[in-house]
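The following note is written for a colleague who is beginning to read protein structures. Please keep the sequence and the model in view while going through the numbered points.

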Amino acid sequence: MAQHSNGLHHHGYVERSALTHALSAAERRMLDPDEVMHSPDEVAAWLAGTLRAAMGLTEDEVAFTDETEIWLAESRRGETIVTGLNDGPTITAEAVYDSNCECERQLKPVSPTKKRR
Ligand SMILES: [Zn+2]
């Protein structure tokens, strides 16, 4: 599987608020991420899955084909991606340098409840 090439990974955050009321990047960084993603494929899949869940739709109903292409390209470039619904939630995949991040150093096992399918 393709890894992030440039020492980056992404943190996934889901906020209940609309984008206009979402946290700033600095505020978000203080929180524990809802998800940690290590490849562009994971980022795109997490964004699509989280957005679908927020809309209450299945993969058959909304595939996010075009969006996935954009998300893959953006996460390969190491960009932070923000999406979501007008009234919330706001869904953010924040690009983080491995060297700046505690979550990589701790290497704590992921609890089974955190892995959603
Ligand atoms: Zn991290």
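**Notes on the helix packing and the sheet**

1. Helix α2 (residues 40-55) and helix α3 (residues 65-76) pack with their axes 8 Å apart and at an angle of about 135°. An angle over 145 degrees would count as roughly antiparallel and one from 65 to 115 as roughly perpendicular; α2 and α3 are therefore oblique to each other. The crossing of α2 past α3 is right-handed. On the α2 side, the contact is formed by Pro40, Val43, Ala44, Leu47 and Ala48. On the α3 side, Glu67, Thr68, Trp71, Leu72, Ser75 and Arg76 take part. Sorted by character, the residues of this contact comprise seven nonpolar, two polar and two charged.

2. It should be stated that this is a predicted model. The protein contains four helices and four strands, and along the sequence these follow the pattern β-α-β-α-α-β-β-α.

3. In what order do the four strands of the open sheet lie? The order is β2-β1-β4-β3, and the pairing is antiparallel. Strands β2 (35-37) and β3 are at the edges and have a single partner strand each, so one side of each lacks a neighbour in the sheet. From one strand to the next, the twist averages 20°. As general background, strands of a sheet pair through backbone hydrogen bonds, in either a parallel or an antiparallel manner.

4. Strand β1 (residues 8-15) is joined to β4 by eight bridges, and the two run antiparallel. Two positions help to locate this pairing in the model: Gly12 has Ala93 of β4 as its bridge partner, and His9 stands opposite Val96 in β4.

5. Strand β1 also pairs with β2, through three bridges and again in the antiparallel sense. Here His10 has Met37 of β2 as its bridge partner.

6. Strand β3 (residues 81-84) pairs with strand β4 (residues 90-97) over four bridges, in the antiparallel sense. One of the pairs to look for is Gly84 with its bridge partner Thr90 in β4. The hairpin of β3 and β4 has five residues between the strands.

7. Two backbone features deserve attention in that hairpin. Gly88 takes a positive phi near 90°. The peptide bond from Gly88 to Pro89 is cis, with omega near 0°, and Pro89 is found in the loop between β3 and β4.

8. How does helix α2 lie relative to the sheet strands β1, β2, β3 and β4? Helix α2 lies across these four strands and runs at about 160° to β4.

9. Phe64 is located in the loop between α2 and α3. Phe64 has a positive phi of about 55° although it is not a glycine. Is Phe64 buried or exposed? Being buried would require 20 or more other C-beta atoms within 10 Å, and being exposed 12 or fewer. Phe64 has 18 C-beta neighbours inside 10 Å and therefore counts as partly exposed.

10. Two figures describe the protein as a whole. Of its 117 residues, 21% count as buried. Among the contacts with a separation of 6 or more, 69% are accounted for by residues 24 or more positions apart.

Notes. Residues numbered from 1 in each chain as written. Predicted model: local features only at pLDDT ≥ 70, side-chain atom pairs only at ≥ 80, totals over all residues. Pairing = 2+ DSSP bridges. Axes fitted to C-alpha atoms, helices over the stretch in contact; angles between N-to-C directions. Contact = placed C-beta atoms within 7 Å. Parallel < 35°, antiparallel > 145°, perpendicular 65-115°, else oblique. Left-handed = near helix turned anticlockwise from the far one by under 90°. Nonpolar A, V, L, I, M, F, W, Y, C, P; charged D, E, K, R; others polar.
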